[in-house]
Amino acid sequence: KIKRILFYVISVLVCFLLQTSVFNFLKLAGVMPNILLILTVTIAFIRGRKAGIVIDLSVAADDIFSGNVLGQNAFVYLMFGYVNGWFHTYFYEDDILLPIGLLTANSLAYSFVIFFFFFAMRGSIAVFFLSV
């Protein structure tokens, strides 16, 4: 169990460092891969819902360093980790179509959620007279 937690921490740190440093310079037309989303989806798919939620808590560091609204990526990753954990029962090492399909669907859903809630709305949601 300690080895698994250590593996999660090291993999999150490596993916975070790769995403914020190396892939930031390798953008192609302003687009770079979201390695932390790939890690969250993969761990949740292989290990289940609990592991998807645990890996999300460590991915929350992305919010601290991104400079955006605190908690937006953590919430989105939490939902993706939990939903992809449901597909854990369908995991077979020989099947490659389901993981690729899940990664594609999650990438599209992530882009849509980030665009809709944090760009298109632009703070126009009012909750108890407070603009969110």
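These are my notebook entries on a predicted model, taken in the order in which I looked things up.

**Entry 1: confidence**

I began with the confidence of the protein chain, whose mean pLDDT is 78, with 83% of the residues reaching 70 or more. I then looked for the extremes and found the lowest confidence in strand β2 (residues 130–131), at a mean of 52, and the highest in helix α1 (residues 2–25), at 85.

**Entry 2: the largest nonpolar core**

I next looked up the largest nonpolar core, which has 17 residues, and noted that Leu36, Leu37, Leu39, Ile43, Ile55, Tyr77 and Tyr110 touch the most other members. The elements that contribute two or more residues to this core are α1, α2 (35–47), α3 (49–59) and α5 (72–85), and the largest share, 6 residues, comes from α2. As background I wrote down that in soluble globular proteins nonpolar side chains tend to be buried together.

**Entry 3: helix α2**

Given that share, I went through α2 and listed its buried residues as Ile35, Leu36, Leu37, Leu39, Thr40, Val41, Ile43, Ala44 and Phe45. I also checked the length of the helix: at 1.5 Å a residue, the 13 residues of α2 should span 18 Å, and the end C-alpha atoms are indeed 18 Å apart, which agrees. After α2 comes glycine 48, and I recorded its phi as positive, near 115 degrees.

For leucine 36 I set aside residues up to four places away in sequence, and was left with Val12, Cys15, Phe16, Gln19, Val59, Asp62 and Tyr77 as the residues that it touches.

**Entry 4: glutamine 19**

What does the side chain of glutamine 19 lie 3.1 Å from, by one of its polar atoms? I found the backbone nitrogen of leucine 36 at that distance, and the backbone nitrogen of isoleucine 35 at 3.3 Å from a polar atom of the glutamine 19 side chain. Glutamine 19 is in helix α1, and with a relative accessible area of 10% this residue counts as buried, because the cut-off is under 20%. Apart from neighbours within four places in sequence, glutamine 19 is in contact with Asn24, Met32, Pro33, Asn34, Ile35 and Leu36.

**Entry 5: asparagine 34**

I followed one of those contacts to asparagine 34, which sits in the loop between α1 and α2. Is asparagine 34 buried or exposed? Its relative accessible area is 17%, so I entered asparagine 34 as buried. Leaving aside neighbours within four places, I listed Gln19, Tyr77 and Tyr110 as the residues in contact with asparagine 34, and I noted a polar contact of 3.1 Å between the side chains of asparagine 34 and tyrosine 77.

**Entry 6: aromatic pairs**

Searching the whole structure gave me 3 aromatic pairs. Tyrosine 77 and tyrosine 110 make a stacked pair, with 5.8 Å centre to centre and 5 degrees between the planes. Because tyrosine 77 lies in helix α5 and tyrosine 110 in helix α6 (residues 97–120), this pair ties together parts that are 33 residues apart in sequence. I looked up the accessibility of both partners: tyrosine 77 is buried at a relative accessible area of 0%, and tyrosine 110 counts as buried at 14%.

Tyrosine 82 and tryptophan 86 form an edge-to-face pair, at 5.6 Å centre to centre and 65 degrees between the planes. Here I recorded tyrosine 82 as partly exposed, at 34% relative accessibility, and tryptophan 86 as partly exposed too, at 45%.

**Entry 7: two phenylalanines**

I turned to phenylalanine 23, which is placed in helix α1 and is partly exposed, with a relative accessible area of 21%. Aside from neighbours within four places in sequence, phenylalanine 23 is in contact with Leu18, Met32, Pro33 and Ile35. From phenylalanine 23 to asparagine 34, I noted a separation of 11 residues in sequence and 9.1 Å in space, C-alpha to C-alpha.

My last item was phenylalanine 65 in helix α4 (residues 61–66), a residue that I entered as exposed, with a relative accessible area of 61%. Phenylalanine 65 and threonine 20 are 45 residues apart in sequence, while their C-alpha atoms are 9.0 Å apart in space.

Definitions and conventions. Residues numbered from 1 in each chain as written. Predicted model: local features only at pLDDT ≥ 70, side-chain atom pairs only at ≥ 80, totals over all residues. Heavy atoms only, no water. pLDDT = per-residue confidence, 0-100. Helix = DSSP H or I, 4+ residues; strand = E, 2+ residues; numbered from the N terminus. Core = buried A, V, L, I, M, F, W, Y, C linked by side-chain atoms within 4.5 Å. Buried < 20%, exposed > 50% of the residue type's maximum accessible area, 1.4 Å probe, protein only. Contact = heavy atoms within 4.5 Å. Polar contact = N/O pair within 3.5 Å; in protein donor to acceptor, adjacent residues only side chain to side chain. Expected span 1.5 Å × (residues − 1). Phe/Tyr/Trp six-rings, centres within 6.5 Å; stacked < 30°, edge-to-face > 60°.
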